[in-house]
Amino acid sequence: MKKTIIITGGAGFIGSHVVREFVLKYPGYHIVNLDALTYAGNLANLKDIENLTNYTFVKVDITDAEKVLSTFREYQPDGVIHLAAESHVDRSIADPLAFVMTNVIGTVNLLNAAKIIWEGNFEGKRFHHVSTDEVYGTLGETGLFTEETSYDPHSPYSASKASSDHFVRAYHDTYDFPVVLTNCSNNYGPNHFPEKLIPLCIHNILNNRPLPIYGDGKFTRDWLFVIDHAKAIDLVFHDGKLGESYNVGGFNEWQNIDLVNELCKQVDEKLKRPQGTAAKLITFVKDRPGHDFRYAIDASKINKELGYQPSVTFEEGLSKTIDWYLSNQDWLDQVASGEYQNYYQKQYQG
Ligand code: NAD
Ligand code: DAU
């Protein structure tokens with residue numbers, strides 16, 4: 001029987017890769033991409049699949065409870081994969097309430113709508129909540145986040161994601177509502193909005209602008225290629241145990257300054273310029289308030305229980321990512337016009 005899956009945030013960075021993975025891999029599923037098209041949402045990310053018969057886009061703001069419910073009534077989804085969110089830490093520092101509205105209230109609206117249309121019969125139904133490793137707070141020089149690590153968020157973004165995770169678990173514990181959660185580390189890859197470190201640096205290198213490194217650049221993140229995150233979501237959505245969370249990562253830690261130096265080296269190579277050209281743009285700037293020192297994921301549960309392994313090494317993934325941006329400069333120029341210029345001015349020159 002044909003299944004209908006609503007994927008929220010499908011016009012964004014990760015969501016667009018999840019939508020593509022599901023539309024192409026499961027011709028028997030009807031994939032409904034539910035997205036408000038905020039500054040971060042872009043239907044150009046899905047140009048290659050937009051005319052396929054098992055794909056539909058609906059423009060819905062998840063903070064609008066009535067519209068969410070009427071959309072769920074119309075499409076009668078068997079499953080929900082929830083990625084829609086305000087996702088950028090620096091924006092959350094400037095405007096926390098927008099993060100509460102979308103990430104907390106929006107998530108509860110989706111939980112309620114699914115609970116109402118499923119009418120207490122959860123057989124064959126699933127709500128997959130896509131979360132982040134930032135809910136665990138920060139690590140020192142050693143250690144890894146496991147699924148048992150206590151929540152300790154520090155930014156308004158991570159506090160809102162932690163809150164949404166708690167609501168998702170509360171629906172499971174209170175109503176026996178069928179949930180699974182994933183908490184993933186930093187993603188990178190094509191279609192990443194240039195407010196985030198890697199695409200921001202690529203965009204700035206191409207425009208000969210400074211590469212702003214917060215603080216001393218020793219902050220550490222654990223990077224996973226976005227298509228490998230989409231594959232993990234596919235696995236957990238189908239085979240994860242109800243009520244459980246799975247950490248997703250690739251055991252791939254980089255200090256920001258080393259990562260940006262590697263990026264500069266690869267861009268110089270690809271543009272056939274003297275080594276050191278891009279790195280001259282590196283500029284240390286004022287640190288992010290409340291900046292978490294280190295994230296690192298222990299991804300052994302998803303590996304042992306579901307056989308998950310990333311498909312590309314970091315070197316391959318970064319090379320593919322740079323190639324994509326070099327071949328898609330129109331995409332970069334389009335998303336970096338308008339609102340982005342105001343954001344950039346306030347964040348880096350304000
Ligand atoms: P993104 O900012 O690129 O995309 C977010 C999408 O959500 C956009 O298409 C936007 O239009 C949509 N959206 C925002 N507010 C909405 C609203 N009120 N109603 C409907 N749609 C709305 O985000 P991303 O980086 O792709 O992240 C997707 C999800 O994955 C988020 O939940 C994020 O917390 C989580 N996550 C991200 C990362 C990462 O490294 N980017 C890592 C782990 C988890
Ligand atoms: O860990 C998962 C999280 O990764 C996701 O939940 C978030 O949605 C996603 O945005 C990302 O959060 P980060 O804050 O880690 O990503 P960002 O790209 O903003 O920053 C990565 C690191 O680079 C961080 O230590 C801050 C630093 N940085 C960032 C920017 C934008 C800089 O040094 N300079 C910059 O200009």
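**Two sheets and two ligand sites**

Seven strands make up an open sheet, in the order 3-2-1-4-5-6-10, and their pairing is parallel. At its edges stand strand 3 (55-59) and strand 10 (245-248), each of which pairs on one side only. From one strand to the next, the twist of this sheet averages 20 degrees. The model described here is a predicted one, and the positions discussed below should be read in that light.

The edge formed by strand 10 can be followed in detail. Its partner is strand 6 (residues 179-184), and the two strands pair in the parallel sense over four bridges. Within this pairing, N183 stands opposite N247 of strand 10. Helix 5 (residues 156-175) packs on the sheet, where it touches strand 5 (126-132), strand 6 and strand 10. The direction of helix 5 makes an angle of about 155 degrees with that of strand 5. Both helix 5 and strand 5 return below, in the account of ligand 1.

A further open sheet consists of three strands in the order 7-9-11, and here the pairing is mixed. Strand 7 (186-188) and strand 11 (253-255) each have a single partner strand, so one side of each is left without a neighbour in the sheet. The twist in this sheet averages 50 degrees from one strand to the next. In general, the strands of a sheet pair through backbone hydrogen bonds, in either a parallel or an antiparallel arrangement. Strand 7 and strand 9 (residues 220-225) run parallel and are joined by three bridges. One residue pair illustrates the register: N186 has W223, in strand 9, as its bridge partner. Helix 7 (residues 226-239) lies across strand 7 and strand 9, and runs at about 70 degrees to strand 9.

With the two sheets in place, the ligand sites can be considered in turn. Ligand 1 is surrounded by 28 residues, of which I14, D35, S87, Y157 and K161 are the closest. Elements of both sheets take part in this shell: helix 1 (13-25), strand 5, helix 5 and strand 7 each supply at least two of its residues. Strand 5 provides the largest share, namely three residues. By class, the shell around ligand 1 comprises 14 nonpolar, eleven polar and three charged residues.

Several polar atoms of the protein approach ligand 1. A polar backbone atom of I62 lies 2.9 Å from a nitrogen atom of the ligand, and a polar backbone atom of A85 lies 3.5 Å from an oxygen atom of ligand 1. The side chain of S87 also contributes, with a polar atom 2.6 Å from an oxygen atom of ligand 1. On its own, ligand 1 has 830 Å² of accessible area, and the protein covers 96% of it.

Ligand 2 has 24 residues around it, and those that come nearest are T132, D133, Y157, R288 and Y348. Y157 thus belongs to the closest residues of ligand 1 and to the nearest residues of ligand 2. Helix 3 (89-94) and strand 8 (211-214) each supply at least two residues of the shell around ligand 2. Strand 8 gives the most, with three residues. This shell contains ten nonpolar, seven polar and seven charged residues.

The polar approaches to ligand 2 involve both backbone and side-chain atoms. A polar backbone atom of P212 is 2.8 Å from a nitrogen atom of ligand 2. In the side chain of R288, an N or O atom lies 2.6 Å from an oxygen atom of ligand 2, while for the side chain of H291 the corresponding distance, again to an oxygen atom of the ligand, is 2.7 Å. Taken alone, ligand 2 exposes 690 Å², of which the protein buries 95%.

Key:
Residues are numbered from 1 along each chain as its sequence is written. Chains are lettered from A and ligands numbered from 1 in the order in which they are written. This is a predicted model: local features need pLDDT of at least 70, side-chain atom pairs count only at pLDDT 80 or more; totals for chains, interfaces and linings use all residues. Side-chain values use heavy atoms; hydrogens and water are left out. A residue is near a molecule or strand if one of its heavy atoms lies within 4 Å of it. A polar contact is a pair of N or O atoms within 3.5 Å; within protein, one must be able to donate a hydrogen and the other to accept it, and residues adjacent in sequence count only if both atoms are side-chain atoms. Accessible areas come from the Shrake-Rupley method with a 1.4 Å probe; for residues, only the protein chains shown count as cover. Ala, Val, Leu, Ile, Met, Phe, Trp, Tyr, Cys and Pro count as nonpolar, Asp, Glu, Lys and Arg as charged, and the others, Gly among them, as polar. Two strands pair if DSSP finds at least two bridges between them. Axes are lines fitted to C-alpha atoms, for helices over the stretch in contact, and angles run from 0 to 180 degrees between N-to-C directions. Contact means heavy atoms within 4.5 Å.
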